[in-house]
Structure formats: structure tokens, C-alpha cells
Amino acid sequence: MIPFEKYQLDNGLTVILQPDETTPIVAVDICYLVGSRDENPNKTGLAHLFEHLMFGGSKNVLDFDTVLQKAGGENNAFTTVDYTNYYLSLPLKNIETAFYLESDRMNELAFLPKILDIQKHVVIEEFNQSYLNQPYGDLLFLLKDLAYKVHPYQWNPIGKSPNHIKSMNMNDVKEFFYTFYRPNNAVLSIAGDIHKFDCKDLVNKWFGGIPKGNVYKRNLPVEPTQSEARFLEVFRNVPCDCLCKAYKMGKRTDNDFISVDLVSDILSNGQSSRLQQKLVKSQQIFSSISSYTTGTLDNGLFIIIGYLNNGVEITQADNALVEVLNELKTTKISEYELVKVKNKAETALISSEFSVQDKAMQLALYETIRQAEDFNLETNKYRSVSQDDILNICSKLFKAEQSSTIYYKAKK
Amino acid sequence: MTDRTKAPLIHDFVFLPSLNPQRHTLDNGIDCLLLPNAHLAMVQMIVQIKAGAFYQEKLGVATACLKMLREGTTSLSSVDIAEQLDYIGSYLICNAGKDYVSLHIYFPPKATRQVMCLLADLLKNPTFPQQQLDIYKQNLKNELAVEFEKTSYKARCCFMETIFDQHPYGRILHIDDIDHIHRSDLEAFFQQYYHAKNIKIFAAGQIDNSFVENVEEYFGDIVGKTNAEPTLITHIPQAEKKYFEKQDAVQSSIFIGQRSITKQDPDWPVFSLASLVLGGYFGSRLMKNIREDKGLAYHIYANLHTFVHAGMFYVAADVNKSQVQESVGQIYHEMEVLQTALMSKEELTLVKNYLYGSLMKCFDGVFAQLDLLLETEKHNLPLAFWANYVECIKTMTADDLLAGAARMLDMDNMTEIIVG
């Protein structure tokens with residue numbers, strides 16, 4: 001449970017204040033509702049490239065990092081398909097420096113051609129380091145492309161290819177900034193001993209004068225309902241075969257999302273989970289296997305990825321996995337098992353409340369997704385899921401015609 | 001209207017860290033260090049055992065011994081243990097390091113007794129079931145096969161093998177070694193090292209007086225005996241330059257560095273600051289030069305990594321294959337600049353403030369403090385170590401850093417590993 005106060009500035013910026021007098025530092029988090037789903041399909045990777053540019057100078061601040069580090073702070077950011085989140089922390093005394101820095105880059109970037117040029121190189125090396133130079137690094141690219149035919153979740157935030165990043169120009173960047181990086185499209189969340197300052201006055205001083213932008217009307221292509229199972233087989237230079245399966249699921253904000261999330265816990269959260277016990281320990285088909293939900297604002301994917309033991313046929317692995325999923329569709333899980341996964345989920349939720357950085361971020365993300373208040377309701381939502389809910393959601397979720405399967409095989 | 005051209009004043013600050021855990025020593029010698037905070041609805045507990053890879057004779061035994069603790073005891077099967085841990089809503093992580101291994105668990109406070117009972121069982125009565133060991137070995141082979149496909153993993157391993165050579169820190173597990181791990185090795189290793197004198201218990205969060213009583217009840221009967229410390233190998237091998245071509249790699253991984261000191265060494269503060277300046281934070285010289293100025297890499301960093309008995313200093317990066325020479329040249333260039341050019345007052349202030357700020361972050365709640373406490377105890381440092389460190393940093397001058405960098409970096413003896 002995180003107590004907080006929420007209000008809005010005249011320019012539409014949502015502000016969340018979370019008092020915590022036990023910590024010497026303060027955390028400031030800003031989340032913009034823009035992600036790779038808002039990109040042009042022929043210029044993918046812009047939202048993430050843009051995140052890099054946010055550190056490359058604003059109108060009055062040449063070097064964001066240097067000023068922040070001088071004030072004893074550190075920061076980072078990440079870009080998802082739906083939103084872009086910037087977070088920093090620093091000694092409470094220097095909180096105004098954080099506001100000055102964040103508000104200046106929200107107000108107006110410097111748009112320096114040299115910075116764009118260099119960050120394009122940096123991002124291409126990030127593309128290489130995180131994906132192209134990693135074993136199985138292209139797996140999720142193949143999967144998204146197979147599962148989505150029209151929706152922009154077809155590509156990952158890093159972009160479809162380094163060529164798209166190379167092709168970005170300053171006009172793309174400016175247009176992106178003035179469309180999305182406006183106060184009315186952002187949430188500012190602050191956690192720390194903020195009662196020691198006139199926090200609201202300072203927020204107003206630095207953020208209040210930033211002009212409001214036009215309200216962005218998102219008009220994304222709707223992914224048509226999938227009606228037959230999709231399949232792809234590839235051969236790569238990797239040590240062992242990998243099986244990847246994705247089922248279509250709903251939105252993060254749907255009422256049944258919590259049930260779907262618990263299904264992924266039943267399958268792979270902890271050593272006693274079903275995939276671990278059945279397929280790794282008993283049948284010894286996989287050396288490791290896990291499942292997760294993408295939990296996105298538009299319809300997402302329930303993804304299962306497993307690495308096969310040598311000598312196991314991938315079709316056999318596929319059948320064994322489907323059998324575990326089918327069991328969830330036909331047999332109600334026990335009360336014991338449901339309590340178990342709820343207990344684990346609760347621990348995980350509580351664990352996201354310990355550092356001020358986490359608290360500020362959680363509230364900002366929940367507000368971006370729908371409303372910050374949801375964070376404090378989450379535990380009860382998990383508690384209220386029933387055995388029947390799990391049975392029902394599994395029947396809806398694990399349909400062969402809604403699946404995309406990849407056999408990612410080792411070249412012999 | 002706010003005048004944006006006027007930056008707010010940056011307040012100078014120094015942060016003096018102060019760690020004050022409650023300490024209880026059980027009759028059998030187990031030290032118990034606690035950081036209570038009644039407002040947190042969680043407990044983190046760490047059982048640390050001086051039984052890392054440093055002490056093993058055969059590769060892979062120390063890690064396997066630890067990982068197999070949760071796979072069966074005289075009264076509980078692997079599944080029983082997994083079910084119990086999950087049902088109480090806990091997360092158990094088995095960390096195997098070079099010097100220490102640890103069972104790191106977090107759980108809701110109401111499960112405290114159960115967790116202790118279970119952990120104590122793992123520590124006192126493991127059976128190392130053969131079937132579970134076979135599964136562990138098989139999965140480990142697959143995991144390592146994937147790891148060694150990564151240029152960065154291969155480069156790191158090769159770097160450590162080269163600079164440490166026959167020293168236990170330089171002995172790296174390869175796939176072929178796994179077949180040689182036997183159940184009897186684990187039993188023997190367990191007998192020799194898992195006893196009270198080698199165990200420390202740490203906990204933070206919602207802990208009350210009964211916590212210590214519980215620790216006494218469950219861990220108080222673990223026998224204490226002493227084992228001889230292995231002889232230290234002090235020989236330092238020749239620096240080497242090694243290149244491994246990987247045809248399908250898009251990038252090359254670079255590791256450049258050498259053996260270095262431990263945290264016990266009086267030079268550690270100045271070396272740590274020098275390493276920070278060179279590549280220890282986002283605004284470091286290497287990041288500015290290689291990433292922000294030339295766009296050669298996504299990430300480049302320097303690290304002074306200290307084990308208990310030795311340390312290592314290195315610079316690491318993944319760069320485009322065609323830009324390896326340029327990047328390597330710039331890395332040496334920055335090392336030389338660090339040794340030859342006096343740092344500006346501005347940079348010195350900045351890096352000191354950054355360091356105070358990072359230390360302050362270690363005091364954002366008891367769980368953050370726990371990590372710092374663990375590090376302190378691991379290296380047998382006094383609790384005042386971090387405050388002394390800050391005092392030392394406060395008075396450090398640009399001249400001190402120049403001299404420190406000269407002692408830290410022996411430019412004629414840099415090991416250089418490139419994979420990709």
C-alpha cells in the first residue's frame with residue numbers, strides 16, 4: 001500500500017506525490033504515453049532512439065547527465081511498446097535540479113544534428129549487442145512478426161532493423177517530440193521526504209509554464225482475430241533447439257488480466273510450478289522453460305519459451321507442452337495451488353514498494369496505464385481470483401487457432 | 001515566467017554512511033546481523049557460507065553443492081521443498097560466488113519460523129539425490145553451451161583464466177568439466193565447509209525479538225569446526241594478448257586489464273575513484289569518448305572488482321567488429337591520460353558528488369543497506385569502513401588521483417582479450 005496525492009497542472013501534466021520520510025534520497029519519474037506502437041511501420045525504432053536523444057541536450061541544458069551527477073544523482077530510461085519511462089534519484093537537497101533538468105527537456109530539446117548522428121550509431125550498436133550478437137537474439141523478432149499481421153506490436157521497441165534507425169532525420173525527431181512529449185501526455189511522479197520542501201510550488205515553477213500540446217488521437221490498426229494456428233521453422237547457429245509459443249490474449253487493463261497473469265505463475269513461477277516440475281524435472285524435455293504475458297495496452301501475447309535437452313524431438317516437446325496447457329483447460333486447479341500462486345504474486349507486489357525509485361516508478365506506470373490508484377487495489381484483485389476464473393480464462397487463452405509456434409532449431 | 005537560463009544552485013553535500021546492525025553471536029559461533037524495520041511487510045534473510053569456488057579442488061563442485069541443497073534432505077524431497085517454499089510465498093535464490101555461497105530468501109513475516117525450519121534442514125540434512133544431480137548437470141551443460149556462444153561471456157572467462165592462471169579465481173568451469181562432478185564430491189565438500197564457523201546469517205525487514213530465538217533454535221546446533229585455509233597462490237602470470245575469431249559474430253567483445261588489489265588494501269579508495277573516473281558511471285571518460293563522442297559502443301565500463309583474496313581491474317565493451325582497433329586504441333589512450341594529466345577541479349567535484357550520491361542510495365531503506373552490510377562482512381571490513389572511505393575521498397586531490405592511477409595501471413602488463 002503506497003499512500004500518495006495526485007493532481008493536475010493547468011497544462012495537463014499529472015503529478016503524483018508520495019511522501020516517505022525514511023529515506024535520504026528522492027526519486028523523480030516521468031512517464032510519457034508513447035511507445036513503439038506509435039511509430040510509422042517504415043521508420044521503426046524512433047521511440048527508443050528518441051529516448052537516447054532526451055539525454056543529448058535541451059534548450060538550456062547542454063549535458064543532462066553532467067548536471068545531474070554533479071548534484072549527486074543518477075538516472076536511466078527505458079522504452080516499451082506502449083510508453084517511455086525516465087527515472088532518476090538524487091539527494092533530497094538537490095530536488096530542484098531534477099525538476100530543472102526534466103522540465104527543460106520537456107519544454108524544448110536542443111535538436112542537435114551531431115547528437116542525432118552519434119546516437120544513431122549508439123543505438124545500432126545496442127541493436128547489435130542486445131539482439132543480433134546474442135544466441136537466439138532474433139527469436140522475439142520472428143515471434144512478433146508471426147503473431148501480429150497489422151498491429152504495430154509486430155516490431156520490438158529497438159526497431160525492425162538497423163536500417164530504419166539509419167534513416168531517421170531531424171524532421172522525424174521534431175515531429176515526434178511535439179506530438180508526444182507534451183505535459184498533457186505525461187505523468188510526473190515524485191517519492192521521498194517531499195514535505196521538507198514546497199514541492200508543489202517547485203513543480204509549478206518548473207513544469208507549469210510548459211505549453212500544452214494537441215490531444216493526440218491514437219488510431220492504430222486493429223489486429224484481426226486469428227483463425228488458424230501459425231507456424232515457423234528456422235535454423236540457426238545455436239547450441240540447442242528452442243520452442244517458442246505465443247497465444248493471443250487481451251489488454252493489460254482488461255478485468256481478466258490478473259487471471260491470465262496468475263496462469264503464467266501457475267506455469268512457471270517457482271521451482272514447484274507446472275512447467276518446471278513436469279517438463280524439466282519429470283519428463284526432462286527442457287533444460288529450462290518459462291512463460292510470461294506481454295501485458296500491453298492493446299491486445300497482447302502469452303509467451304512460452306523453452307530450451308530443449310539434446311536428443312529430444314521438438315515435436316515431442318511441443319506436444320508435451322500443449323498437454324500441460326490442455327490440462328489447465330479441462331481440470332480445475334486445486335484451492336491449494338491457487339493460494340500458492342497468489343501468495344507468490346503478493347510477495348512480488350510488496351517487493352516493488354521498497355525503494356523510492358520503485359515506488360515513484362510503479363505509481364507513474366500505473367497512472368500511465370490507467371490510474372495510479374490501481375496499484376493499491378492490485379493485491380485484492382489477485383486475492384479475488386477463483387478456481388473457476390482460472391479454468392475459464394485457460395479455455396479462452398489456449399486455443400490452437402490463436403497460437404503462433406516457432407521451432408528455432410540448431411543447425412547440425 | 002520561470003527563467004530557465006538560471007539553473008538552481010547545486011547544494012554541496014557529503015554523506016557519511018553509518019551501518020548499525022544488531023549483532024548476535026550464537027554459541028556455536030554463527031554471527032547473526034540484523035537490520036530491523038517493523039514497517040516493512042517483508043523479511044529478507046541471507047545465509048552466507050564460506051564455501052565458494054575458491055575452496056573447491058574440482059571445478060563446479062562448490063556451486064553444485066549449493067544448488068543441490070534444495071533438491072532433497074533426509075525428510076523432504078525436491079518437490080516437497082519446492083512446494084513449501086512457493087506456498088509460503090517466498091523466493092529463494094542460491095548465489096554461488098568465488099569466495100562465498102549464499103541462500104538468499106525473501107518472504108512475508110508470518111512465514112519466519114517455517115522459513116528458518118526449512119533453511120536449517122537444507123543446511124543440516126541434504127542428501128544430494130543422484131537423480132536430481134543428473135538433471136542439474138544436464139541443464140548446466142545446456143546453459144553453459146549457450147553462455148559460451150556469447151562473445152562477452154567467453155571474453156570474461158578467458159580474461160580471468162589469463163590473469164589468474166592457476167589461482168582458484170582463474171579456474172573457470174567448461175562443459176567438459178561437468179561430467180567429472182560426482183555425488184561423493186558434493187558430500188565431501190559439504191562435510192568440510194558447511195559448518196558453523198563458516199556461516200553467517202543476515203536479515204532485514206520485519207524482524208522482532210523472536211527472530212533471534214528462532215535462529216538459535218534452528219541454527220544453534222550446527223557444529224562448528226575450523227578448516228585450514230587453502231594456500232594462496234601469489235604467482236602473477238605474464239600479461240597476454242589473445243584474439244579469438246568468431247565467424248558469425250556481429251560485434252567483438254573486448255576485455256583489457258590486470259590483477260589488482262582487495263578492499264583491505266590502503267590503496268582501494270584511490271583506485272576505486274580512479275576506476276570510477278575512467279569508466280564507472282554514465283558520465284565517465286570512456287563513456288563520453290567511446291559512446292557519446294564516437295558512437296563506437298552502446299556500453300563501455302571499467303571495474304575494480306574485488307574478491308576476498310585478490311582483485312581485478314578491467315575495461316570491457318562490445319563494439320562493432322570493424323572498429324575494434326580504434327576502440328582498443330582509445331581505451332589505452334584514456335588509461336594513459338588518467339596517469340599523466342591532472343584532473344580538472346570540476347571533474348573531481350562531480351565524481352565525488354556522484355559517489356556520495358550512490359552511497360546515499362545504499363541507505364534508501366534497510367534492504368538497500370543489507371547489500372552494503374553483506375559486502376562489508378564479506379571482505380572482513382569494519383562497519384566504519386564506508387564512513388572512513390568517504391573521509392578519505394573528501395580529502396583526495398587531483399595529484400593523489402594521478403599518483404593512484406600510476407600505481408593502479410601497469411601499462412606494460414595489460415592483458416587484452418578480444419572475442420568476435
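In this predicted model, A:Asp374 pairs with A:Arg370 in a salt bridge whose closest N and O atoms are 3.0 Å apart. The two partners differ in their surroundings: A:Asp374 is buried, with a relative accessible area of 6%, whereas A:Arg370 is partly exposed at 43%. In chain B, salt bridges with shared partners link B:Arg23, B:Asp31, B:Lys200 and B:Glu377 into one network. Over all chains, the structure holds 48 salt bridges.

One of these contacts crosses between chains, running from A:Lys114 in helix α4 (residues 113-132) of chain A to B:Asp293 in helix α9 (residues 285-293) of chain B. The closest N and O atoms of A:Lys114 and B:Asp293 are 3.2 Å apart. A:Lys114 is exposed, with a relative accessible area of 52%, and B:Asp293 is partly exposed at 37%. Another salt bridge lies within chain A, where the side chains of A:Glu337 and A:Arg274 meet at 2.7 Å, N to O. A:Glu337 belongs to helix α12 (residues 335-351) and A:Arg274 to helix α10 (residues 274-282), so the pair ties together parts of chain A that are 63 residues apart in sequence. A:Glu337 is buried, with a relative accessible area of 11%; A:Arg274 is also buried, at 11%. In general, side chains of opposite charge can pair when their charged atoms come close.

Charge also gathers on the surface of chain B, where B:Asp27, B:Asp208, B:Glu213 and B:Glu216 form a patch of negative charge. Within this patch, B:Asp208 is placed in the loop between β6 (199-205) and α7 (209-219) of chain B.

The cysteines were examined for disulfides, and the count over all chains is 0. For A:Cys242, the closest cysteine sulfur is that of A:Cys244, at 6.1 Å, which is too far for a bond because a disulfide requires sulfur atoms within 2.5 Å. A:Cys242 is buried, with 0% relative accessibility. For B:Cys392, the closest cysteine sulfur is in B:Cys362, 18 Å away and likewise too far for a bond. B:Cys392 is partly exposed, with a relative accessible area of 31%.

Backbone angles were considered next. Most residues other than glycine have a negative phi. B:Phe128, however, has a positive phi near 45°. This residue, B:Phe128, sits in the loop between α3 (112-124) and α4 (130-147) of chain B and is buried, at 1% relative accessibility. Phi is also positive for B:Asp165, near 50°. B:Asp165 occupies the loop between α5 (151-164) and α6 (183-193) of chain B, and its relative accessibility of 31% makes it partly exposed.

Two further loop residues illustrate separations in sequence and in space. B:Met414, in the loop between α14 (398-408) and β11 (415-419) of chain B, is buried, with a relative accessible area of 2%. B:Met414 is 100 residues from B:Tyr314 in sequence, and their C-alpha atoms are 9.2 Å apart. In chain A, A:Ser58 lies in the loop between α1 (46-53) and α2 (64-70) and is buried, at 7% relative accessibility. The C-alpha atoms of A:Ser58 and A:Gly300 are separated by 35 Å, with their positions 242 residues apart along the chain.

Notes: Residues numbered from 1 in each chain as written. Chains lettered and ligands numbered in written order. Predicted model: local features only at pLDDT ≥ 70, side-chain atom pairs only at ≥ 80, totals over all residues. Heavy atoms only, no water. Patch = residues over 30% accessible without salt bridge, like charges linked within 9 Å, V, L, I, M, F, W, Y side chains within 5 Å. Areas by Shrake-Rupley, 256 points an atom, 1.4 Å probe, with all protein chains shown as cover. Salt bridge = Lys/Arg side-chain N within 4 Å of Asp/Glu carboxyl O. Lys, Arg positive; Asp, Glu negative; His and termini not counted. Charge placed at Lys NZ, Arg CZ, Asp CG, Glu CD. Helix = DSSP H or I, 4+ residues; strand = E, 2+ residues; numbered from the N terminus. Buried < 20%, exposed > 50% of the residue type's maximum accessible area, 1.4 Å probe, protein only.
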